[in-house]
Amino acid sequence: MRDLNTDTFAEQQQQRARTTCIFSFTGGIALLWIAPRYSDMVQCRILNRKSLYRIGKVFIRKTAFLQRSLLSASIVSTNLYVSSANRIIDHSSRRAAADMASPLRSLVEDDERYLKSFQLFLERSSEHQCMHDFIQGILPGELASVGDGKAELNVFGVGSGSGDIDLEMFSQLRQKHPSVTVDNQVIEPSSQQIHNYKVLLSKTPDLDYIKFTWNKNTAAEFEQHWKENKMSKKADFIHMIQMLYYVKDPDATVRFFQSLLDKNGKLLIILVSGRSGWGKLWRKYRRQLCNTEISQCVTTRDIKSGLESQGVAYRSYALPSHLDISECFVEGSEKGELLLDFLTEVLDFSRTAPAELKAGVLEMLRQPDCSVETDGKVIFNNSLEALVLDPLP
Ligand SMILES: *[C@@H]1O[C@H](CO)[C@@H](O)[C@H](O)[C@H]1NC(C)=O
């Protein structure tokens, strides 16, 4: 327990550039303080130790339970720490104890497993196919009018990832506007993804008409930078594909980027549909599964109702898509477990979720709300929806 003997230890979550919680150990006293708005956060990694992680979790839950109060406990060793934590649990109600007994960790804490499950999701789903169909079929009509005759178009890719979808869209843009040049701002927080994007560019011919600017930023950082520097550039096409889950305030993010649109500009948003299996699953299990520090479980239904409440017009297009989740129901199937992790965004869901939650989620996943069963397969409704916004009047 060397770490606990350090006089003071403070860890701030750096990955997301937000202060999430600070743990300080002073002598034999552990103080845990969590800002009220972060107290639902469950992925605090204290010193990367499983046992301590669990304690952190218990305390986090406990502070939420105690109306987010300051909590302190005496510690001498891990064991004592655990037992004092357990005592605290014993004093609370049964319901709270049941809540606290599930130290679910987010899948994104484990890059390798996340990528593996995401890859499997792509293999088992028609996710990319449905986007491809949309880009070929619908998007050209939307892109035809952007630019208002300008010789150079400004494009912002918000959360561009590895760029494959971006390049597909550029090829449609180019067909509609053969003589323009493009100034493309890539806004992407992951350096790995930016690297992948650059590798893709090096292998793709005929992109000389596009100038790439790399912003290794989250959308929020980009917005802050934009405002601080009083930037005034306007955009002809902004896209945010499968990314609004990862911002703190999706409605405000949409408003900000919409405000950057030039005359005839278009803002494209793609997210899972509120009526997809995802939407149904999240409505029922939001509290248990959605770690709001990491992802908002937001669907186009939420975005549309935000827009409607402000009287903002949009066009909407369905992107039907499915995901074969049959393996999730094969006991002990490794791939089934990976898919379940992806569906729940919980690391090792099968092994770490309380039995009741696991049974509930599995049952929900095969209900007609989420899936259809055909030919012995369970096909989850992975439908997406695209929203296209014009500039604010
Ligand atoms: C899947 O969800 C979409 C809406 O997002 C709906 O239109 C479609 O009918 C659903 N498909 C099935 C097979 O239930």
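Begin at the ligand and select the residues around it: Ser-273, Arg-275, Ser-276, Val-372, Asn-381 and Ser-383. Colour this shell by residue class, and one nonpolar, four polar and one charged residues appear. Please keep in mind throughout that the model on the screen is predicted.

**The whole chain**

Next, display the whole chain as a cartoon. Its secondary structure comes to 16 helices and 13 strands. Of the 393 residues in the chain, buried residues make up 37%. Consider also the contacts between residues at least 6 apart in sequence: 75% of them join residues at least 24 apart.

**The sheet**

Now select the strands of the open sheet. In what order do its seven strands stand? The order is 6-5-4-7-8-13-9, and the pairing is mixed. Strand 6 (210–215) and strand 9 (315–319) stand at the edges; each has a single partner strand, so one side of each is left without a neighbour in the sheet. On average, neighbouring strands of this sheet are turned by 15° against each other, direction ignored.

**Strand 4 and its partners**

Select residues 152–158, which form strand 4. Is this strand mostly covered or mostly uncovered? Strand 4 is mostly covered, with six of its seven residues buried.

Add strand 5, residues 181–187, to the selection. Strands 4 and 5 pair in the parallel sense over seven bridges. To see one opposed pair of residues, label Leu-153 and, in strand 5, Val-182, which stand opposite each other. Then show helix 8, residues 164–176, as well: strand 4, helix 8 and strand 5 together make a right-handed β-α-β unit.

Strand 4 also has strand 7 (residues 235–241) as a partner, paired in the parallel sense over three bridges. Here the residues to label are Phe-156 and, opposite Phe-156 in strand 7, Ile-238.

**From strand 7 to the helices on the sheet**

Continue from strand 7 to strand 8, residues 261–272. These two strands pair in the parallel sense over six bridges. Label His-239 and look for its bridge partner, which is Leu-268 in strand 8.

Now show helix 13, residues 300–309. Helix 13 packs on the sheet and touches strand 8 and strand 13, and its direction makes about 25° with that of strand 13. Another helix to display is helix 6, residues 127–137. Helix 6 lies across strand 9 and strand 13 (384–389), and it runs at about 135° to strand 9.

**A residue in helix 11**

Select Arg-255, which is found in helix 11 (residues 250–259). Why does Arg-255 count as partly exposed? Arg-255 has 16 C-beta neighbours inside 10 Å, and a residue is partly exposed because its count falls between the limits of 12 or fewer for exposed and 20 or more for buried. Now use the distance tool on the C-alpha atoms of Arg-255 and Gly-306: the two residues are 51 residues apart along the chain, and these atoms are separated by 10.0 Å.

**Helix 14 and its surroundings**

Finish with helix 14, residues 334–344. Its buried residues are Leu-338, Leu-339, Leu-340, Asp-341, Phe-342, Leu-343 and Thr-344. Which helices do the buried residues of helix 14 pack against? Display helix 5 (111–124), helix 12 (277–289), helix 15 (349–352) and helix 16 (355–365) to see these packing partners. The last selection is Glu-345, just after helix 14, which takes a positive phi of about 60°.

Methods: Residues numbered from 1 in each chain as written. Predicted model: local features only at pLDDT ≥ 70, side-chain atom pairs only at ≥ 80, totals over all residues. Helix = DSSP H or I, 4+ residues; strand = E, 2+ residues; numbered from the N terminus. Pairing = 2+ DSSP bridges. Right-handed = clockwise from strand over helix to strand, strands pointing away. Near = placed C-beta within 6 Å. Nonpolar A, V, L, I, M, F, W, Y, C, P; charged D, E, K, R; others polar. Axes fitted to C-alpha atoms, helices over the stretch in contact; angles between N-to-C directions. Contact = placed C-beta atoms within 7 Å.
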